[in-house]
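These are my notes from going through one model. I kept each entry to what I looked up and what came back.

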Amino acid sequence: MFKNANNKIIARNISEVMTFTVMIMFLVPLFLVLINAAKTNNEIISAPLSLPTDWSVLIKNITTIWSNPNLRYSQALVNSFVITTFSLMGITIFSAMAAWVLLRTKTKLSTAILMLFIAAMVIPFQVVMFPLVKWFGIFQSITGIQMLRSYTGIIIAYIGFGSSLSIFMFHGFMKSIPHEIEEAAYVDGCGKFKTFFLIVLPILKPIYVTILILNGIWIWNDFLLPMLVLGKGTPVQTLPLAVNNFAGAFLVSWDLMMTAILMALVPIIVFFLAAQKHIIKGMVEGSVK
Amino acid sequence: MNDKTKTKTSSISKDKKIEKLVFWLFLAPALFSFLMVQIIPFMIGIYYSFTNWSATAQISIDFVGMKNYFDAFQDPSFLYATIITSIYTFMNIILVNIIAFSLALLVTSNLKGKNIYRAGFFLPNIIGGIILGYIWQFIFNQFVPKLAAAVGFTYLSENLMLGNSNTAILALVIVSTWQYAGYIMMIYVAALQNVPKDLLEAAQIDGASAWQRFRNVTIPLVAPAFTVTLFLTLVNSFKQFDVNASLTNGGPSTMFMGKAIKGTTLLAMNINDTSIISLNTAQAQAKAIVFFLVLVTFSLIQVYVSKKREVEL
């Protein structure tokens, strides 16, 4: 009996060490980026596996990348941040509003519109991407609103592409909110606007977080849409676009390439470490629905 | 009396009007963006696939019937991309799911650091495909040859994996697996956690071995998750673009049907190339619609399979 329990502890320790080792091996690519960002190009080519001898090279490489005119890192970081933030605000508020009226208005039209939003989830980006650029061009020549190469166009695009899944998820969640809460607010003299923004919106908080994470990670990392709507090498570039431009010119200088990658990784990894429980939960929920 | 009913009906119709107004007001921003970027381009796209639309400046866009579809199916690069995408997708489904399920078993066993392990395995999934591709380009071009030389594996120390289209496809599978396994793992974790503990204990008391418990209790209860994960990997592998673009950029070239073509160009990238490199946007559009129809078929099969499973339960 005693021996059996002892064996169990040993077995558990073995699997603990084993899992830990597997995880470290799994994350080796990221360590490689870090150690090679702190080397000169010659050092990398002769010994990509060794630890850096002088960490101050990292600072030097970071300064080079920060001021590199091909990458325009700081500008791309700000652009990515602005585009992600405004798109997320638009997606969550507009989708919640739409989902709410689609749920509370029981007409054939509202059901049809909801179905259209949901059905569009199966449309791959490849089918709409070229016509989208063409259509944005036509639209901006008619209305004078700058759609291509602008914040406006790409933010509208993200709201449009993000709305399907977000409305679907909000709609599903709202079904579980008892209608009586809203009726009580209505009897107390709350108008539709007040009822939605003061009563419904706060109840949505859990699903709101999930939708923010799902859309946020997609938008932050997205490449093809910004490449088509913003264009390569134009004044407004997101981080993935900037790294792609940079790689086109600097793929042989691995020291700078590794530093650029490291600097592109830092924001998303910091975000992940800060909110990993929410992120993992949110992304898994999004898949199963 | 008469007056009273009159005001009442008019207030009801006023209420109705307000309700209608609110309906459209609340719907407008989402619906506008949705129509702008999904529905209108989708419609335009179907029409353009039957025209001679080109990426170069042109005087008029003319209707050409099914020409683009016939041309697409005779284009060696499209046929090759279809074959290579199927192979890539198949290998990905197998590898991602085997690794994800094994990792899920590890991180649901009774370990102290299981939350850290889960986060660690999940981490690559939040990094964008473009960045991932460049990281792995470094690994395949610099790290792997040096490592192979150190352990005496001459094939890999003398040949770059990305230098040959067959091994480059394998490289794509490795990177996608690294990116995706942690995510699929978490879906398996959720399913494994839902397996009732008392059921496993009951089986143990009845004398079932660890393998028997796994095979006859755990697996059947986790089976619905397999439908989800298999279709998720299927659809996501099929749509792969970012890693393809940054890791291999479709190359290196290989011979197919007597023509030199880019050897690792998956379907999504072939659609891009058709418009951006060959400037034949109408044909790219026709290919994209074929691509769309295949994905719709996958979705319909998935709905059918899950419905059938629900009935069986």
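Is Arg149(A) buried, exposed or partly exposed? I counted burial by C-beta atoms placed from the backbone: a residue is buried if 20 or more others lie within 10 Å of its own, exposed if 12 or fewer, and partly exposed in between. Arg149(A) is partly exposed, because it has 16 C-beta neighbours inside 10 Å.

**Ground rules.** I am working with a predicted model, in which local features need pLDDT of at least 70 and side-chain atom pairs count only at pLDDT 80 or more, while totals for chains, interfaces and linings use all residues. Residues are numbered from 1 along each chain as its sequence is written, and chains are lettered from A and ligands numbered from 1 in the order in which they are written.

**Confidence.** I looked up pLDDT, the predictor's confidence in each residue from 0 to 100. Chain B has a mean of 89, with 95% of its residues at 70 or more. Among the elements of chain B, I found the lowest mean pLDDT (80) in helix H6 (residues 154-158) and the highest (95) in helix H3 (residues 76-108). Elements here are DSSP runs numbered from the N terminus: helices are H or I of at least four residues, strands are E of at least two. For the complex, the predictor gives an ipTM of 0.91 and a pTM of 0.92.

**Positive phi.** I went back to Arg149(A), which is not a glycine yet has a positive phi of about 60°. Arg149(A) sits in the loop between helix H7 (125-143) and helix H8 (151-174) of chain A. In chain B, I noted Asn249(B), also not a glycine, with a positive phi of about 50°. Its loop runs between H10 and E1 of chain B. Asn249(B) counts as partly exposed because 17 other C-beta atoms lie within 10 Å.

**Hairpin in chain B.** I then checked the strands, taking two as paired if DSSP finds at least two bridges between them. E1 (residues 253-256) and E2 (residues 259-262) of chain B run antiparallel and are joined by four bridges. Thr254(B) is opposite Ile261(B), and Phe256(B) has Lys259(B) as its bridge partner. The two strands form a hairpin with two residues between them, and Met257(B) in the turn has a positive phi of about 50°.

**Core.** I looked for nonpolar cores, meaning sets of buried Ala, Val, Leu, Ile, Met, Phe, Trp, Tyr and Cys residues joined through C-beta atoms within 7 Å. The largest has 153 residues, and those with the most contacts inside it are Ala98(A), Val243(A), Ile261(A) and Met185(B). Helix H7 (residues 165-193) of chain B gives the largest share of this core, 17 residues. For contacts I required C-beta atoms, placed from the backbone, within 7 Å. Setting aside neighbours within four places in sequence, Met185(B) is in contact with Ala100(B), Leu103(B), Ala104(B) and Phe121(B).

**Where the chains meet.** How many residues of chain B are in contact with chain A? I get 69, in contact with 66 residues of chain A. Several helices of chain B each supply at least two residues to that side, among them H4 (114-122), H5 (129-151) and H9 (210-238). H1(B) provides the largest share, 18 residues. By class, I read 49 nonpolar, 15 polar and five charged residues on this side of chain B. Nonpolar here means Ala, Val, Leu, Ile, Met, Phe, Trp, Tyr, Cys and Pro, charged means Asp, Glu, Lys and Arg, and the others, Gly among them, are polar.

**Two single residues.** Val101(A) is in helix H5 (residues 73-104) of chain A. I count Val101(A) as buried because it has 21 C-beta neighbours inside 10 Å. Leaving aside neighbours within four places in sequence, Val101(A) is in contact with Val22(B), Phe23(B), Phe26(B) and Leu27(B). Ile87(B), in helix H3 of chain B, is partly exposed, with 13 other C-beta atoms within 10 Å. Ile87(B) and Ile169(B) are 82 residues apart in sequence and 8.9 Å apart in space, C-alpha to C-alpha.

**Domains.** The bounds come from an automatic or database domain assignment. Chain B has domain 1 (1-48) and domain 2 (68-312), with C-alpha centres 43 Å apart. Chain A has domain 1 (2-58) and domain 2 (73-250), with C-alpha centres 39 Å apart.

Methods. Two residues are in contact if their C-beta atoms, placed from the backbone, lie within 7 Å.
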